[in-house]
Amino acid sequence: MGCAMLSIFNWFGYRELTHAEGFRLIKWAGFEGVLLWWATMPGGGNHRKQPELARREGLYVENIHTNDENANAIWEDTQEGQALFEYYLQCVDDCAALEIPTMVVHASNGEAPPTSESGLLRFARLIEHAERSNVNLALENMRRGSQMEQTAALLERFDSKRLGFCFDNGQHHARMARDLDLFARFGHRLMALHLSDNHGQRGEHLLPFDGTIDWPDQMRRIAETGYQGPTTLEVMNLGYENISPAEFLARAYERAKRLDGLRTL
């Protein structure tokens, strides 16, 4: 396969950069696309202005990553749960208005709460809204067993062409997730990739080939699903000392090209 679009998370670990500066460096490094964090970060400005800034640099906006800090609230019959649900509905509207095809959502965070009827109803309504809006809803796999099973249960319950999953291979490699074969069960519903490396204990978001992931096997498995989308990195400089943003992105682009070359059957 190979020769897919190469994309990267727009927040790659350098808080001092403005959105515009980050997009300019991402394009300079060679990337063609970005995924965007869809919430205001400290000093980050209005996140809804990001798509225009990215497109000015000639970057394709692949998807948005919704705020996952309070993800468990979706299962709670509380004001916080309702507020999170309304935020997700607004994210669908934002994607439709700004011509962004996909939003990535965590079904839960930390220890997964019980799967409640109120939560299932919210997901049903969210999926219906995504269908009406022609927006894809990609559930991200997580590293803990209960979270993974909850994501799998949602995919099994809701058979919608607008509902799929975002494969975060770093989460899958870390701790208690490797025994659940998402590709065997849901490979045909793969909508997005979050690729990074780690040492099997936690999500370190390292550059590919700097951890212990078997990348030839990983990329072969992805190719076998028939996934045609971008090869996307979710890497962050959380430990590479004394490397400028430009140098970090140059390394990231070289690793992304190597990964893309491994997307063969």
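**A walk around an eight-stranded sheet**

Hi everyone, let's start in the middle: eight strands form an open sheet, in the order β7-β6-β5-β4-β3-β2-β1-β8, and the pairing is parallel. At the edges sit β7 (190-194) and β8 (231-233), each of which pairs on one side only. Neighbouring strands in this sheet are turned against each other by 25° on average, direction ignored.

Some ground rules. This is a predicted model, where local features need pLDDT of at least 70 and side-chain atom pairs count only at pLDDT 80 or more, while totals for chains, interfaces and linings use all residues. Residues are numbered from 1 along each chain as its sequence is written, and side-chain values use heavy atoms, with hydrogens and water left out.

Helices (H or I, at least four residues) and strands (E, at least two) are DSSP runs, numbered from the N terminus. Two strands pair if DSSP finds at least two bridges between them.

Take one pair: β5 (residues 136-140) and β6 (residues 163-168) run parallel and are joined by four bridges. Here Leu 139 stands opposite Phe 165 in β6.

Now for a helix on the sheet. Helix α3 (residues 79-98) packs there, touching β2 (33-38), β3 (60-66) and β4 (102-105), and its direction makes about 155° with that of β4. Contact means heavy atoms within 4.5 Å; axes are lines fitted to C-alpha atoms, for helices over the stretch in contact, and angles run from 0 to 180 degrees between N-to-C directions.

How do the axes of α3 and helix α4 (residues 117-133) cross? They come within 10 Å and cross at roughly 10°. That makes α3 roughly parallel to α4, a label for angles under 35 degrees. Among the residues making the contact are Phe 85 and Leu 89 of α3, with Arg 122 and Leu 126 of α4.

On to the inside. A nonpolar core is a set of buried Ala, Val, Leu, Ile, Met, Phe, Trp, Tyr and Cys residues joined through side-chain atoms within 4.5 Å, and buried means under 20% relative accessible area, exposed over 50%, partly exposed in between (1.4 Å probe, protein chains only). The largest core has 68 residues, and Phe 123 is one of those with the most contacts inside it. The largest share of this core, seven residues, comes from α3. Apart from it lies another core, of six residues, including Trp 11 and Trp 37.

Finally, is Glu 99, in the loop between α3 and β4, buried or exposed? Glu 99 is exposed, with a relative accessible area of 65%.

Definitions and conventions: Parallel < 35°, antiparallel > 145°, perpendicular 65-115°, else oblique.
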